[in-house]
Amino acid sequence: MEKNDIKYLIELCHDKVLEEYGIDMKVISQDAQSDDEYDLLINGTPAGMYPKFINDLPANEKLIKNCKNVFDAVYNPNETVLLSEAIKAGAKPVYGIKMLLYQGAESFEIWTGRKAPIDVMHDALTKTLGL
């Protein structure tokens, strides 16, 4: 997928879904130096993922300090460099393991037609990831 394709998909999502819910979204670069404050920063990149990108920070410290909440889709390690910096800056961290857990639960329910055993799945995840 090309960079322009990603931008188009984000704009399409913004136009069709986010406006319906009254959400204002900005796509900004990782080196943005804005003084604007943000309710939520989302990292959907592999930056911070073990082992290859573990020390990568997908946003600069100034941007992180201007965010109230920081979600990192990376789940290994549980506390990424981004979330560690967010905690230091006073932002509320949202860990990627939650997304992994609930994606798995949704898939389980689609495939089996049964309610997912969230507690069992959570225990298996934390054990597997050594948390």
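The following legends describe close-up views of helix α3 and of the salt bridges in a predicted model.

**View 1. The buried face of helix α3.** Helix α3 spans residues 81-88, and its buried residues are Leu82, Leu83, Glu85 and Ala86. These residues line one face of the helix, because their directions, seen down the axis of α3, fall within an arc of 160°. Among the elements that cover the buried residues of α3 are the strands β1 (38-43), β2 (67-72) and β3 (92-94). Helix α2 (61-65) also contributes to this cover.

**View 2. The end of helix α3.** Gly90 is found just after α3. The phi angle of Gly90 is positive, at about 90°.

**View 3. The salt bridge between Glu85 and Lys88 within helix α3.** The structure contains 3 salt bridges, and one of them joins Glu85 to Lys88. The closest N and O atoms of this pair are 3.3 Å apart. Both residues belong to helix α3, where a spacing of 3 residues separates them by about one helical turn. An α-helix has 3.6 residues a turn, so residues three or four places apart point the same way. Glu85 has a relative accessible area of 18% and is therefore buried, the limit being under 20%. Lys88, in contrast, is exposed, with a relative accessibility of 63%.

**View 4. The salt bridge between Asp39 and Lys68.** In this pair the closest N and O atoms lie 3.2 Å from each other. Asp39 is part of strand β1 and Lys68 is part of strand β2, so the salt bridge ties together parts of the chain that are 29 residues apart in sequence. Asp39 is exposed, because its relative accessibility of 52% meets the requirement of over 50%. Strands β1 and β2 are also included in the cover over the buried residues of α3.

**View 5. The salt bridge between Lys62 and Asp35.** The side chains of Lys62 and Asp35 meet with an N to O distance of 2.9 Å. This contact links distant parts of the chain, 27 residues apart. Lys62 is located in helix α2, whereas Asp35 is located in the loop between α1 (3-18) and β1. Asp35 is exposed, with a relative accessible area of 60%. The corresponding value for Lys62 is 31%, and this residue is therefore classed as partly exposed. Helix α2, which carries Lys62, is also among the elements that cover the buried residues of α3.

Definitions and conventions:
Residues numbered from 1 in each chain as written. Predicted model: local features only at pLDDT ≥ 70, side-chain atom pairs only at ≥ 80, totals over all residues. Heavy atoms only, no water. Buried < 20%, exposed > 50% of the residue type's maximum accessible area, 1.4 Å probe, protein only. Helix = DSSP H or I, 4+ residues; strand = E, 2+ residues; numbered from the N terminus. Arc of directions from axis to C-beta. Contact = heavy atoms within 4.5 Å. Salt bridge = Lys/Arg side-chain N within 4 Å of Asp/Glu carboxyl O.
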